[in-house]
Structure formats: C-alpha cells, structure tokens
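Reader: I have a structure to go through. Take me through the ligand site and the domain interface.

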Amino acid sequence: MSDEDEIILSELDDEDLVQQMFDDLYDGLKEEIEEGVNILLERKWEPYDILTKALVGGMTIVGADFRDGILFVPEVLLAANAMKGGMAILKPLLVETGAPRVGKMVIGTVKGDIHDIGKNLVGMMMEGAGFEVVDLGINNPVESYLEAMEKEGPDILGMSALLTTTMPYMKVVIDTMIEQGIRDDYIVLVGGAPLNEEFGKAIGADAYCRDAAVAVETAKEWMARKHNSAKSA
Ligand code: B1M
C-alpha cells in the first residue's frame with residue numbers, strides 16, 4: 001500500500017473504524033488495535049462497548065475463518081495478541097469502578113486447554129464488578145484448583161474450556177470436590193464457547209455463563225443467595 005492509500009484511523013467515522021478494527025484484528029495488527037481502542041475511548045465510547053463490539057466482534061470473524069480452515073494457528077495467535085493489546089488498555093477502566101469487594105473468585109482454564117482470552121475477560125469484568133479474582137491461568141489439573149481453593153478460600157470457583165475435548169474435565173474437578181466433601185462450600189460457575197446450560201447442569205455446576213456479563217450477573221445472584229441462606233441458617 002502506498003503512503004497515499006494509508007488509512008488514518010482517526011479520520012474514519014465510528015462505523016468504519018470498527019470495521020477497520022475487525023480487519024486489523026484479523027491481520028494481527030496489535031498497534032493498530034491499540035490505536036483504535038484509544039480513538040474510541042477519546043470518542044467517549046464505554047470500555048465495555050469497545051470490548052464487545054470492536055474486539056469480541058472481530059475475534060468472532062477470526063473464529064469462523066479458523067473453523068473453516070481459512071486461518072491457521074499462527075495467524076490466530078497474532079489476532080489473539082492484538083486482542084490482548086486492546087484488552088490491556090481497557091482493563092484498568094473496567095476494573096477501577098471503586099466498587100466494594102463483593103466476593104472472591106478463583107478462575108482457571110482446565111487441563112489440556114490453553115485458550116485464555118475469554119477467561120481473562122471474565123476475570124476483568126468480575127474485578128470491575130468488585131470481586132477479588134485469583135487467576136490460575138491455563139491448563140489446570142484438578143490439583144491446582146483444589147490447592148487454590150484451600151489457599152485462597154474463594155466464594156466462587158470459575159472454570160473455562162474452549163474445546164469439546166477439554167470441557168469434560170470440568171466434571172473431573174467437580175466430582176473430585178464431591179469426593180472430598182467440599183463441593184457445597186463453593187459456588188461453581190463454568191463457561192466457554194462449546195458449553196451450554198444443559199452441560200453445566202449435567203456436570204453438577206451451579207451455573208453456566210454464556211459470556212462475561214452473564215458471569216458477573218450470575219456471580220452476584222449466587223452471592224446474594226449465599227448471604228441469604230447464611231442469614232436464615
Ligand atoms: Co482455538 N479453537 N484451538 N486457539 N480458538 C477454538 C475454540 C475453535 C472453536 C475454533 C474453530 O474451530 N472454530 C476450535 C475448537 C473446536 C472444538 O473443540 N469444537 C479450536 C481449536 C480446534 C484449537 C486447536 C485444537 C487448534 C489446533 O491446534 N489444531 C488448538 C488447541 C490448543 C489447546 O488449547 N490445547 C487451538 C489453539 C488456539 C490458539 C492458541 C491459536 C488461540 C488461543 C490464544 C489464547 O487464548 N491466548 C485460539 C483461538 C484464539 C481460538 C478462537 C478463534 C477464539 C477464542 C476466543 O478467544 N474467543 C476460537 C474460535 C471461537 O471461539 N469463535 C477457537 C473470544 C473470547 C472473548 O470468547 O473464549 O468464548 P470465549 O469467552 C467468552 C465466553 O465463552 C465466556 O465468556 C467469555 C467472554 O464473553 N466464558 C466464560 C469463557 N470462559 C468462561 C469462564 C467462566 C464464565 C464465562 O467462568 C465462570
């Protein structure tokens with residue numbers, strides 16, 4: 001592309017800018033994504049809208065072409081890296097709401113699974129809603145979850161899985177909690193693209209969360225129930 005053809009992001013209107021950000025995310029252009037995020041912030045977009053409309057929207061297109069064999073792992077990694085660049089700018093804005101601490105959550109991606117963007121997003125949104133979040137990262141065997149629950153004493157255990165081959169591992173964790181007699185000490189929330197409500201019920205989770213916003217709402221609901229049952233006990 002010649003200099004004359006170069007796209008000046010700040011000269012695009014909102015709609016064209018978001019479209020351009022979809023293309024830039026697709027092409028793994030981290031700096032352009034960061035610039036786009038900053039421009040939308042200057043234009044007074046809500047951080048949550050930038051996250052869901054520009055970043056998650058763009059990643060959905062990447063996901064579809066990955067599925068269809070048009071994009072491959074290296075390209076998707078670049079796209080994920082660009083997305084993380086944008087998320088890093090939004091994180092403090094989503095987190096610093098000054099909300100009082102409403103509970104504590106330990107969250108991690110299950111064993112065999114290295115997808116972490118969705119989990120990170122859930123963590124960020126939970127922090128933004130006033131939860132303390134302990135992030136165990138990716139590829140967690142049951143032992144890491146158990147250790148973290150014992151050490152951190154959270155109200156909520158969150159598990160993420162993005163692969164149909166790794167989602168059954170959530171049941172391994174819950175079954176182990178049952179065996180150890182600690183299942184009912186925690187609210188167990190699960191999420192990830194291949195899951196659904198039925199799966200959540202079948203494995204014995206308290207709730208399946210479709211996205212990060214639902215995770216926050218569900219966590220708040222369950223915390224309220226926990227407090228009410230503690231009062232009436
Ligand atoms: Co992977 N991958 N990937 N991948 N990847 C998927 C998941 C896939 C659907 C792509 C496709 O085929 N369309 C497919 C899974 C197919 C299946 O199992 N049915 C797939 C595959 C096959 C693979 C590999 C096996 C590819 C290969 O090597 N041949 C491999 C597996 C590696 C492994 O884990 N062992 C692999 C690798 C990778 C990359 C490393 C390249 C990269 C991950 C980078 C990273 O995460 N750091 C990657 C990516 C980026 C994707 C896609 C394109 C995008 C995932 C994403 O970040 N979405 C994905 C396609 C897709 O999902 N459309 C795909 C954006 C994110 C915001 O959404 O993660 O759904 P999501 O999170 C949401 C909700 O699900 C929910 O809230 C989040 C925010 O709203 N949520 C929770 C998630 N976790 C939660 C936990 C909670 C609550 C809510 O707890 C309370």
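Author: Start with the ligand. It is surrounded by 32 residues, counted when a heavy atom lies within 4 Å of it. The closest are R67, I114, H115, D116 and S160.

Author: Some ground rules. This is a predicted model, in which local features need pLDDT of at least 70, side-chain atom pairs count only at pLDDT 80 or more, and totals for chains, interfaces and linings use all residues. Residues are numbered from 1 along each chain as its sequence is written, and side-chain values use heavy atoms, with hydrogens and water left out.

Reader: Which residue has a side-chain N or O atom 2.8 Å from a nitrogen atom of the ligand?

Author: Polar contacts here are pairs of N or O atoms within 3.5 Å; within protein, one must be able to donate a hydrogen and the other to accept it, and residues adjacent in sequence count only if both atoms are side-chain atoms. Two backbones qualify: G63 has a polar backbone atom 3.3 Å from a ligand nitrogen, and I114 has a backbone N or O atom 2.7 Å from a ligand oxygen. The side-chain partner at 2.8 Å is S160.

Reader: How much area do domain 1 and domain 2 bury between them?

Author: An automatic or database domain assignment sets the bounds: domain 1 is 1-100 and domain 2 is 101-233. Their C-alpha centres lie 27 Å apart. In contact (heavy atoms within 4.5 Å) are 15 residues of domain 1 and 13 of domain 2. Buried area is the accessible area (1.4 Å probe) lost on putting the two parts together, summed over both; carbon and sulfur atoms carry 71% of a total of about 1200 Å².

Reader: Which residue forms a salt bridge with K84?

Author: A salt bridge needs a Lys or Arg side-chain nitrogen within 4 Å of an Asp or Glu carboxyl oxygen. The whole structure has 11, and one crosses the interface of domain 1 and domain 2. K84 sits in helix α4, and its partner, 32 residues away, is in the loop between β1 (103-109) and α5 (117-128); helices (H or I, at least four residues) and strands (E, at least two) are DSSP runs, numbered from the N terminus. At 3.2 Å between the closest N and O atoms, the partner is D116.

Reader: Which element gives the largest share of the side of domain 1 that touches domain 2?

Author: Two elements give two or more residues to that side: α3 (47-67) and α4 (73-95). The largest share, eight residues, comes from α4.
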